[in-house]
Amino acid sequence: MALSSLQFTPLRLLPLHRCNGRPTNPSRTRAGALREWREYDDALKDKDLKRALGFLRSIETLQDQNFSSSQSSIVDSEPFNGEDGELGGLLRRERNWGVLDACLNAEDMKLVGSAYGFLQSRGFLPSFGKCRNIVLDGPRDVNPAYLKSSTGLDASKLSPKKWGLSGSSTAVFVGFLGGVSFLINQGIDIRPNLAAILGLAMIDAVFLGGCCLAQISSYWPPFRRRILVHEAGHLLTAYLMGCPIRGVILDPIVAMQMGIQGQAGTQFWDEKLEKELAEGRLSSSAFDRYCMVLFAGIAAEALIYGEAEGGENDENLFRSICLLFDPPLSTAQMSNQARWSVLQSFNLLKWHKNAHKAAVKALESRSSLSVVIRRIEEAMVPT
């Protein structure tokens, strides 16, 4: 029944609720609740995480107070399936998920962590951080032979490819040459324009990080699918390791605007790592967890396609943090840590392949972060 119809029933005696001895009109309470939830929806629309999270916390506090007061109050009316009924409670729980969608614009990553902590404390994220302390048994020294025996793949298959060396880039180059040859045979000479095309490509590569070419390439379904597989690997591993995810950027131009290197990116936060770096130290556990998330995209590609093509920027980030050690890690130590990390992530994703598949499917349908996380949680439930 619409709220407007309730305003034009003066002869109908509406039941009264008593709260602390004072009668209240349920229709007025319902209208107030709906108005408050509209404020929450507005906060989500504006991507205002602080306001949205503050609203959810205030609602929880208010519900706790109402529950306590209701133990000593008399309710002389029948319950209704509104904001205060069973259906209303279900709707409130559904709306709680939306707070994750406001994380993307949050500048304070601690606030993002608080959003995940709030939802987990209320039973929404049972799998968040479940693998935080899981490290596979086995040697820390992972040589190429051991890596192949554990994954069935050569070490070269578990490292990103330079453009022009991978199968897809070679196919694009051959296709480009074939297209130019075809046009020339048809009497269409585009050679005068090749210099301009190559010049624009050079500008894109030097000043824009190749985002324009990446934007064009992202419309090619096999290429976009590989990006989704890669980013879903980052997302799922970060989630299982207890690192709050701020968002997944799949548009190359948006990624460039947000300062993300590469064609796409998954933004996650590790509170322990940030705290230790601020103190000028770095524990092995925090370093291992960060490396696992970094190499999870490469591991995901190798798991699905049998080899990885993307991940060059992930390797660059890995090298940059290796230089923070005093003394910095040697080349041999960095190579060993990279192999160990990709092996850990490879097996973690292999164990949770249904959750990874669900994340890829949700990202493919352009679902919001809250929906992606829900699909992961649903896939984690044993059948």
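**Exercise 1. Which residues form one aromatic cluster with F287?**

Solution. The model is predicted.
Step 1. Search the whole structure for ring pairs; eight aromatic pairs turn up.
Step 2. Take F268 and Y290. Their ring centres are 5.9 Å apart and their planes meet at 40°, so this pair is tilted. F268 belongs to strand β4 and Y290 to helix α13, so the pair ties together parts 22 residues apart in sequence. Y290 is buried, at 15% relative accessible area.
Step 3. Turn to F287 and F318. This pair is stacked, with 6.4 Å from centre to centre and 20° between the planes. F287 sits in helix α13 and F318 in helix α15, 31 residues apart. Both residues are buried.
Step 4. Collect the cluster: F287 is joined by F295, F318 and F325.

**Exercise 2. Check the length of helix α17 and describe its surroundings.**

Solution.
Step 1. The helix runs over residues 353-364, which is 12 residues. The expected span is 1.5 Å times one less than the number of residues.
Step 2. That predicts 16 Å, and the end C-alpha atoms are 16 Å apart, so the two values agree.
Step 3. List the buried residues of α17: A355, H356, A358, A359, V360, A362 and L363.
Step 4. Find their partners. These buried residues pack against helices α10, α14, α16 and α18, and against strand β3.
Step 5. Look past the helix. R366 follows α17 and has a positive phi, near 60°.

**Exercise 3. Locate the largest nonpolar core and inspect one of its members.**

Solution.
Step 1. The largest nonpolar core holds 85 residues. Helix α10 gives the most to this core, with 10 residues.
Step 2. Rank by contacts inside the core. L49, Y116, L125, F318 and I376 have the most.
Step 3. Pick L125 and set aside neighbours within four places in sequence. Its contacts are then W97, Y116, L119, Q120, Y239, I373 and E377.
Step 4. Zoom out. Of the 383 residues in the protein chain, 42% are buried. Among contacts with a separation of 6 or more, 70% join residues 24 or more positions apart.

**Exercise 4. Is G152 buried or exposed?**

Solution.
Step 1. Place the residue: G152 is in the loop between α6 and α7.
Step 2. Apply the cut-off. Exposed means over 50% relative accessible area. G152 has 54%, so this glycine is exposed.
Step 3. Compare sequence and space. G152 and G306 are 154 residues apart in sequence, yet their C-alpha atoms are 9.2 Å apart.

**Exercise 5. Find arginines that lie over ring faces.**

Solution.
Step 1. R140 lies over the face of W340, 3.9 Å from the ring centre.
Step 2. R226 lies over the face of Y305, at 4.1 Å from the ring centre.

Methods
Residues are numbered from 1 along each chain as its sequence is written. This is a predicted model: local features need pLDDT of at least 70, side-chain atom pairs count only at pLDDT 80 or more; totals for chains, interfaces and linings use all residues. Side-chain values use heavy atoms; hydrogens and water are left out. Helices (H or I, at least four residues) and strands (E, at least two) are DSSP runs, numbered from the N terminus. Buried means under 20% relative accessible area, exposed over 50%, partly exposed in between (1.4 Å probe, protein chains only). Contact means heavy atoms within 4.5 Å. A nonpolar core is a set of buried Ala, Val, Leu, Ile, Met, Phe, Trp, Tyr and Cys residues joined through side-chain atoms within 4.5 Å. Rings of Phe, Tyr and Trp (its six-membered ring) pair if their centres lie within 6.5 Å; planes under 30 degrees apart count as stacked, over 60 as edge-to-face and the rest as tilted. A charge sits over a ring if NZ of Lys or CZ of Arg is within 6 Å of the ring centre and within 35 degrees of the ring normal.
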